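This report walks through one protein chain in plain terms. Please look at the sequence and the structure before reading on.

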Amino acid sequence: MKKAILSFILLLSSFSFLRAQCIVDAGAALSVACGGSVQLQAKMSAMKVSSPTTNDLYQVHFFDPETGYIAGANGTILRSTDGGISWNMTTFMPDQTWNSVNFASQLTGYIASFGGKIAKTTDGGLSWNVIYSDETRSFSKLKFISLTTGFAISFQGLILRTTDGGASWNQVSSGTSAILRDIVFVNGVKGFICGDYDYALGANVFLTTTDSGASWSNSFVTTNLDNFYSIAFINENTGYVAGDDFPCKTTDGGISWSTTGWTRGFCLALWDDTTGFVCNNFSVFKCTDNNSFPTYILDGSVYFEDI
């Protein structure tokens with residue numbers, strides 16, 4: 001995220017739901033990747049930076065090493081232009097909880113809410129306009145893979161796809177009625193969606209597309225009855241998925257998976273192809289493929305939302 005010192009941002013809260021960002025500094029040669037953003041250069045020391053709000057914060061997204069956004073409750077949208085060191089707040093539709101944010105370019109970005117709305121900015125987050133609204137839906141994540149093509153995922157296996165920059169949205173079959181939690185793309189055509197276990201199908205939900213999201217099919221990951229919450233790929237071949245059980249790893253682009261010794265968690269970020277970080281409610285762990293004992297990075301009376 002920040003060229004010199006930022007490796008990743010943690011969204012956290014106390015029991016009173018006071019939110020802040022926690023930054024972990026980074027050395028000059030390493031990088032961290034998580035689903036929709038890349039954070040650069042890290043060393044392991046955590047510091048808390050000032051937040052302009054006490055509202056709940058749900059997702060952080062960096063378009064480049066300097067420019068980042070955080071979506072939150074009560075219409076909260078935070079923006080940083082210095083790699084997450086400082087944040088400015090704007091409010092758009094205070095009745096909405098914006099829980100996902102993603103930018104397709106420096107100026108064009110999107111936010112989605114639990115209340116079934118999608119909004120768009122074309123001026124770097126200075127102003128927003130609602131481009132989709134359906135109160136019967138509750139979005140969990142947004143992802144754009146180009147200026148024109150993007151996705152919104154939700155409950156009941158809902159996948160919405162746009163190919164015209166959000167002017168219109170069409171439903172794409174997912175083959176499941178489970179809650180969909182996370183979406184990533186490793187290139188312009190191949191992507192993955194994970195979600196809760198589908199008891200009707202008797203299968204985990206890990207969807208794969210190889211045609212830019214025009215169609216999706218379920219892929220086998222594990223025989224465990226897992227809910228999957230987070231996906232992260234460091235490159236086109238190597239990735240992890242985190243859920244109720246130990247995270248699983250692929251080194252062949254999702255064709256096959258093996259169980260790791262990493263700790264369970266609902267949010268995942270990668271440092272390299274063998275090292276990552278997992279949020280597990282009130283703790284953050286550093287995990288490595290060759291170490292069966294995850295290392296505490298942060299632990300305490302805070303609840304982490306995103307990394």
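Does Phe185 count as buried or exposed? Phe185 has a relative accessibility of 12%. The cut-off for buried is under 20%, so Phe185 counts as buried.

## The chain as a whole

The model is predicted. The chain has 307 residues, and buried residues make up 56% of them. Its secondary structure comes to 27 strands and 0 helices.

Contacts can also be sorted by how far apart the partners are in sequence. Among contacts between residues at least 6 apart, 43% join residues at least 24 apart.

## A sheet of four strands

One part of the chain forms an open sheet of 4 strands. The order across the sheet is β12-β13-β14-β15, and the pairing is antiparallel. The edge strands, which pair on one side only, are β12 (139-144) and β15 (170-172). On average, neighbouring strands of this sheet are turned by 25 degrees against each other, with direction ignored.

Between the edges, strand β13 (residues 150-154) runs antiparallel to strand β14 (residues 159-162), and 4 bridges join the two. Across this pairing, Phe151 stands opposite Arg161 in β14.

## Gln59 and its contacts

Gln59 is found in strand β4 (residues 57-62). With a relative accessibility of 10%, Gln59 falls under the 20% cut-off and therefore counts as buried.

What does the side chain of Gln59 reach at 2.9 Å? The partner is the backbone nitrogen of Val101. The side chain of Gln59 also makes a polar contact of 2.7 Å with the side chain of Ser100. In addition, the C-alpha atom of Gln59 is separated by 9.0 Å from that of Lys141, although these two residues are 82 residues apart along the chain.

## Aromatic pairs

A pair of aromatic rings is described by the distance of the centres and the angle of the planes. The structure holds 19 aromatic pairs. In one of them, the ring centres of Phe185 and Trp216 are 6.0 Å apart and the planes stand at 80 degrees, so this pair is edge-to-face. Phe185 lies in strand β16 (residues 180-185), while Trp216 lies in the loop between β18 (203-209) and β19 (217-218), so the pair ties together parts that are 31 residues apart in sequence. Trp216 counts as buried, at 9% relative accessibility.

Phe233 and Trp257 form an aromatic pair that is edge-to-face, with 6.5 Å from centre to centre and 85 degrees between the planes. This pair links distant parts of the chain, 24 residues apart: Phe233 is in strand β20 (residues 228-233), and Trp257 is in the loop between β22 (248-250) and β23 (258-259). Both Phe233 and Trp257 are buried. They also belong to a cluster, linked by ring pairs, together with Phe192, Phe206 and Phe228.

## Charges over rings

Rings can also have a charged group as a neighbour. Which residue has its charged end over the ring of Phe246? That residue is Arg264, and its charged end sits 4.1 Å from the centre of the Phe246 ring. In another case, Lys286 lies over the face of Trp271, at 5.7 Å from the ring centre.

Terms used. Residues are numbered from 1 along each chain as its sequence is written. This is a predicted model: local features need pLDDT of at least 70, side-chain atom pairs count only at pLDDT 80 or more; totals for chains, interfaces and linings use all residues. Side-chain values use heavy atoms; hydrogens and water are left out. Two strands pair if DSSP finds at least two bridges between them. Axes are lines fitted to C-alpha atoms, for helices over the stretch in contact, and angles run from 0 to 180 degrees between N-to-C directions. Buried means under 20% relative accessible area, exposed over 50%, partly exposed in between (1.4 Å probe, protein chains only). A polar contact is a pair of N or O atoms within 3.5 Å; within protein, one must be able to donate a hydrogen and the other to accept it, and residues adjacent in sequence count only if both atoms are side-chain atoms. Rings of Phe, Tyr and Trp (its six-membered ring) pair if their centres lie within 6.5 Å; planes under 30 degrees apart count as stacked, over 60 as edge-to-face and the rest as tilted. A charge sits over a ring if NZ of Lys or CZ of Arg is within 6 Å of the ring centre and within 35 degrees of the ring normal. Contact means heavy atoms within 4.5 Å.
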